[in-house]
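Q: Hey, can you walk me through how the two chains meet in this one?

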2 protein chains.
Amino acid sequence: MTSAPSTATASPTTRTAWTAPPVAPTAPVRLRPLAPGDARITGGFWSVRQQRNRSVALREGHAKLEEFGTLDNFRIAAGTREGEARGPIFQDSDAYKWLEAVAFEIGREDDPELREMQESVTAVIASAQAEDGYLNSVHQLRHGLEERYTNLAWNHELYCYGHLFQAAVAQSRCTGDDALLEVSLRALDHLGSVFGPGRHEGVAGHPEIEMALVELYRHTGRRDALDLARFLLERRGHGAILAEGIRDATYFSDRVPVREARTVEGHAVRALYLASGVADLAIEDGDEELLRRQEELFATMLATKTYVTGGMGSRWEGEAYGDPYELGPDRAYAETCAGIAAVQWAWRLLLATGREQYADFIERALYNAVLPGVSLSGTEYFYVNALQLRSQAHATTATQAVNGRGAWFDCACCPPNVMRTLASLDQYAATADAEGLQLHQYAEGVWTARLGEEALSVEVATGYPHAGQVRLRILEAPAGEAALSLRVPAWSASAELEDREGTQQLGPGLHTIRRVLVAGEELTLRLDLGARFVGAPHRLDASRGAVALERGPLVYALEQVDQTGPALVDDALVDPAAPVAEHPLEDLDGVVALDVAGWASPAPQVDVDAPWPYRPVSATAAVPGAPCTWRAIPYYAWANREVGPMRVWLPAAGA
Amino acid sequence: MTSAPSTATASPTTRTAWTAPPVAPTAPVRLRPLAPGDARITGGFWSVRQQRNRSVALREGHAKLEEFGTLDNFRIAAGTREGEARGPIFQDSDAYKWLEAVAFEIGREDDPELREMQESVTAVIASAQAEDGYLNSVHQLRHGLEERYTNLAWNHELYCYGHLFQAAVAQSRCTGDDALLEVSLRALDHLGSVFGPGRHEGVAGHPEIEMALVELYRHTGRRDALDLARFLLERRGHGAILAEGIRDATYFSDRVPVREARTVEGHAVRALYLASGVADLAIEDGDEELLRRQEELFATMLATKTYVTGGMGSRWEGEAYGDPYELGPDRAYAETCAGIAAVQWAWRLLLATGREQYADFIERALYNAVLPGVSLSGTEYFYVNALQLRSQAHATTATQAVNGRGAWFDCACCPPNVMRTLASLDQYAATADAEGLQLHQYAEGVWTARLGEEALSVEVATGYPHAGQVRLRILEAPAGEAALSLRVPAWSASAELEDREGTQQLGPGLHTIRRVLVAGEELTLRLDLGARFVGAPHRLDASRGAVALERGPLVYALEQVDQTGPALVDDALVDPAAPVAEHPLEDLDGVVALDVAGWASPAPQVDVDAPWPYRPVSATAAVPGAPCTWRAIPYYAWANREVGPMRVWLPAAGA
């Protein structure tokens with residue numbers, strides 16, 4: 001089961017390109033992102049995903065940008081092609097997210113074909129920019145320049161700038177190419193001339209530009225970008241969107257000012273992109289009060305509006321958060337983009353506070369809310385991530401689980417969002433502070449903290465998340481004392497660290513080894529991945545009487561294709577008191593299947609003589625059904641063989 | 001607790017007006033509806049609702065038809081007023097449903113003011129009819145006559161004719177006024193010239209006209225109406241709506257032909273109006289195969305897609321049925337109109353088959369799926385009937401439970417649908433066949449079966465549904481043997497019938513007393529209303545580990561306003577093994593409150609140090625919380641004092 005430790009020890013100094021963090025290492029945070037080139041996944045679980053993303057998905061993504069007219073929209077706006085705009089008003093953003101992903105990948109390792117795509121797409125985008133810096137090809141073609149910024153609630157102009165800026169910063173940081181940055185700075189100049197106190201004071205319907213502006217400031221030092229971010233954030237929640245005649249301010253995260261928000265609500269991606277921007281502002285302004293509010297908001301979200309997978313948003317109507325504890329698994333919306341957005345927010349809070357619970361959440365969300373959104377092949381995507389698919393389910397819209405993953409969507413926000421997340425994943429594993437290196441996520445690779453003129457560099461070898469052993473080798477260390485911190489996940493019932501000083505038991509949280517470390521030294525962390533059944537809080541009615549099965553950081557699911565008997569997983573009943581057996585599989589890129597003891601509850605009687613289905617409790621049969629064994633696989637891997645009945649929450653005897 | 005038996009013995013022969021059934025007594029059914037004037041509610045539970053409907057709601061409804069422009073639309077179309085059409089494309093139907101209710105009420109007892117309203121509204125409608133018989137004021141004003149029937153999927157023209165025909169038949173039957181019938185027959189002539197094999201073969205997006213055409217045939221003998229109904233029904237499910245470029249045929253109940261349908265799906269009201277039309281066709285054509293399919297379809301609906309209340313449709317998206325067992329109480333859509341539509345379908349199947357389970361369903365749906373849709377005052381309506389409202393719920397749309405009931409809606413289908421249902425309720429209580437009278441529902445009043453030249457007439461006195469004793473007095477009986485049948489509801493654990501021959505125990509189902517009955521004779525039926533806890537089927541995941549509390553035909557709910565302690569009903573946990581105490585209340589028009597023993601589960605911890613909310617089962621505290629007593633009231637009565645936390649499904653210890 002355990003993959004062999006990687007023998008490829010990448011040396012940062014031999015590369016000309018480098019990965020660079022989505023949040024600048026220069027931000028005034030407690031834990032710093034690693035500098036460009038200092039975070040590298042080189043093998044193991046995530047590397048496989050990154051390779052497929054790089055070698056297949058990014059190239060197919062380029063083809064989709066052509067097929068769906070995304071690039072043509074820019075060409076038509078530039079006047080180099082005839083035609084009409086295609087796609088939703090925010091379609092430019094697909095190209096920007098794809099470009100951001102490409103930049104991270106070129107940073108990981110140069111690739112002439114990708115670089116050529118990057119340059120040509122960037123040139124196409126640049127050609128569409130209006131003389132005064134305005135850029136939104138669909139809006140230019142559909143509504144003209146005259147109507148710009150007249151429908152901020154729906155027209156996504158600021159949203160698209162946000163993705164443009166993020167792509168530009170990634171391109172500049174990772175590839176040294178400033179072409180998109182130049183487009184962005186022209187747009188920033190233009191925005192500064194339009195928006196601000198006493199000028200245009202409208203509020204955009206879809207937050208996103210705020211965190212992008214802060215990052216643009218971090219990368220370029222342009223203080224007006226930070227000021228504009230602050231202005232836009234402070235403008236929210238004062239009725240500007242309502243003033244446009246739209247009743248539901250909640251949907252737009254515009255019901256209350258950001259400082260007064262006590263719960264995430266409305267459209268989940270909007271709410272979470274906004275929260276990420278607020279975190280960035282709190283960090284840059286050193287606003288401790290706002291940061292504390294953010295921590296409370298995040299905690300309330302975890303306690304009341306988060307699926308066991310870390311998935312976000314339960315309502316199909318408005319792709320939105322529901323009321324507290326409204327978290328039914330069958331209609332879970334849990335948009336892939338919302339999982340990504342939650343990771344972005346948690347990452348900023350981890351950097352700002354150093355509290356390891358954010359790293360715990362990032363781990364859960366990456367494996368169970370983001371990764372299920374992409375097929376093992378890397379090329380098909382779930383927009384919506386249901387936690388249950390029943391037999392006899394019937395699709396009425398393209399994004400329903402019963403349709404399986406799709407190669408692209410009319411609203412194609414998710415695919416390139418997955419691409420940029422996978423391409424930048426190296427950066428979420430570790431941070432640095434003045435004393436040393438913190439490892440938050442375990443992946444095979446090399447992470448380096450710069451400590452003045454010295455460095456602490458650690459190579460990690462592990463079969464994680466399927467195996468619990470993490471081997472660390474010090475590649476480089478300061479002459480004096482340094483601090484190497486390792487996260488023991490909250491789910492790990494026990495953990496053991498073995499190093500030259502012996503073996504010690506560790507509890508959950510960040511454990512710091514503070515001593516002189518020497519190059520070549522090895523340490524081994526052993527996490528307890530043992531399968532466990534978890535229950536939902538009392539108020540989470542939809543999962544009452546059921547348990548979820550987890551192993552290590554992975555949430556598991558029953559999928560019909562793995563069951564050997566005729567019983568449907570619809571009728572599963574498990575015994576959480578019985579031992580769980582582990583079965584490593586070759587299939588699904590290698591996972592550890594779990595066999596749990598239980599019963600198949602009798603399938604319901606459905607005929608004209610069937611009694612009314614709600615029966616007196618006293619009349620309910622005590623027999624749980626036929627004994628059987630149910631096989632579970634990691635939830636992220638479902639729907640890769642066939643699309644059939646699946647469930648994450650397992651009805652449990654005695655639960 | 002028991003209301004005094006009514007002493008008013010109405011004599012059908014002294015009235016000039018009469019209630020008349022929505023389904024004609026002439027239909028070739030196994031059980032016949034009673035003839036006009038032979039069904040009368042005279043007191044008790046439903047009489048109170050009918051009086052409020054008559055004296056307040058119908059008059060406020062007329063004011064709303066003016067306020068929302070419904071009548072003005074007709075006036076503008078007629079050229080007697082200037083202006084633009086207001087409201088949705090189907091807004092004419094609000095006037096028709098209101099007129100139908102008024103006709104039933106005038107039939108119950110004449111009222112000069114209502115009759116004047118009826119005549120003036122009918123005249124306004126008639127004035128808008130186009131020369132060739134076409135009528136849809138909103139369509140005439142918005143799209144003109146040229147574009148008629150070009151967008152059958154969305155423009156609701158046939159749907160509106162359906163409601164016109166139903167109102168016209170009710171008006172003609174109950175009030176003797178044929179003015180609206182003349183409008184309808186002109187429209188029928190027009191429809192016959194447009195639709196049919198080889199002519200227009202499109203399929204309407206919203207079924208409704210089908211059952212109306214059958215009834216128009218029954219009332220007038222116009223065979224072309226029946227033929228058109230058959231044509232329209234047989235056309236469904238062959239891709240006609242798809243051909244208009246609309247992908248989701250499911251929404252329109254147009255995915256499969258009606259003879260092949262194996263599950264109700266899509267928009268619930270559409271599916272159920274369609275099913276009612278299919279039942280009517282099966283009845284008129286003597287199509288036993290189709291009728292059997294209908295019975296299977298209904299049974300599948302009950303087994304897999306029906307809430308414990310009888311409510312229909314769980315999805316907010318598309319106001320639709322979900323997948324089988326997708327019946328989460330918190331987001332229950334359970335549209336009031338869908339409950340009404342289900343009663344209409346069940347009524348037809350009861351008539352056609354004589355199977356008492358349809359009467360059982362009608363009872364459940366009337367008390368628990370339709371009645372909750374209207375306030376005790378009779379003037380405010382729920383469009384959507386959630387089965388749970390949590391604390392901290394937040395409204396984003398007008399129809400969410402947290403907003404309480406509303407006086408009218410932009411899409412005002414439900415209010416006049418409730419009005420016509422309450423006004424015609426007398427008719428759903430009893431049927432006749434060649435041998436006698438069948439009492440299916442228990443309400444105070446008089447029901448008469450005509451048996452050749454003779455009659456069997458029974459007066460009922462009862463405090464039902466709050467009291468279980470039903471006293472029957474024979475007012476008139478044939479000289480020879482006759483059959484009086486009484487339904488013992490499936491929920492009644494025991495029932496006792498006392499008559500001159502002694503006392504006997506009855507099991508559930510229709511019990512027939514076949515002997516010589518004499519005027520003045522009394523019989524007493526005693527049903528066991530005893531409170532009972534019921535559980536959901538295994539596959540209904542959202543209600544697992546919870547029980548519903550019922551008493552007699554009523555489903556109960558916990559409402560926060562009734563709880564004496566500080567605990568929220570969000571945290572309720574009940575003990576279904578403990579005895580339930582009954583407490584008659586003056587409040588809420590007199591109900592029997594139920595006190596159940598249980599606990600208040602500890603309120604969740606929500607702060608920045610709260611642990612991840614999904615905890616290992618082994619770590620879950622076994623303590624169920626603080627012991628307390630929870631008070632429940634009938635679900636239909638909720639949200640009449642204040643709108644606060646409410647729940648129908650009660651988490652249960654040991655469930």
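A: Sure, one term before we start: two strands pair if DSSP finds at least two bridges between them, and strands (E, at least two residues) and helices (H or I, at least four) are DSSP runs numbered from the N terminus. Keep in mind this is a predicted model, where local features need pLDDT of at least 70, side-chain atom pairs count only at pLDDT 80 or more, and totals for chains, interfaces and linings use all residues. Residues are numbered from 1 along each chain as its sequence is written, chains are lettered from A and ligands numbered from 1 in the order written, and side-chain values use heavy atoms, leaving out hydrogens and water.

Q: Ok, so which strand of chain B does β14(A) pair with?
A: β14(A) pairs with β20 (residues 615-616) of chain B, antiparallel, over two bridges. In that pairing, G535(A) sits opposite R615(B).

Q: How many residues does each chain put into the contact?
A: Chain A gives 76 and chain B gives 76, with contact meaning heavy atoms within 4.5 Å.

Q: And what area is buried between chain A and chain B?
A: About 6000 Å², with carbon and sulfur atoms giving 54%. Buried area is the accessible area (1.4 Å probe) that two parts lose on being put together, summed over both. On the chain A side, R539(A), W612(A) and Y614(A) lose the most, together 14% of what that side buries.

Q: Switching topic, how many salt bridges cross the interface?
A: The rule finds twelve (a side-chain nitrogen of Lys or Arg within 4 Å of a carboxyl oxygen of Asp or Glu). One of them joins R331(B) and E317(A), whose closest N and O atoms are 2.1 Å apart.
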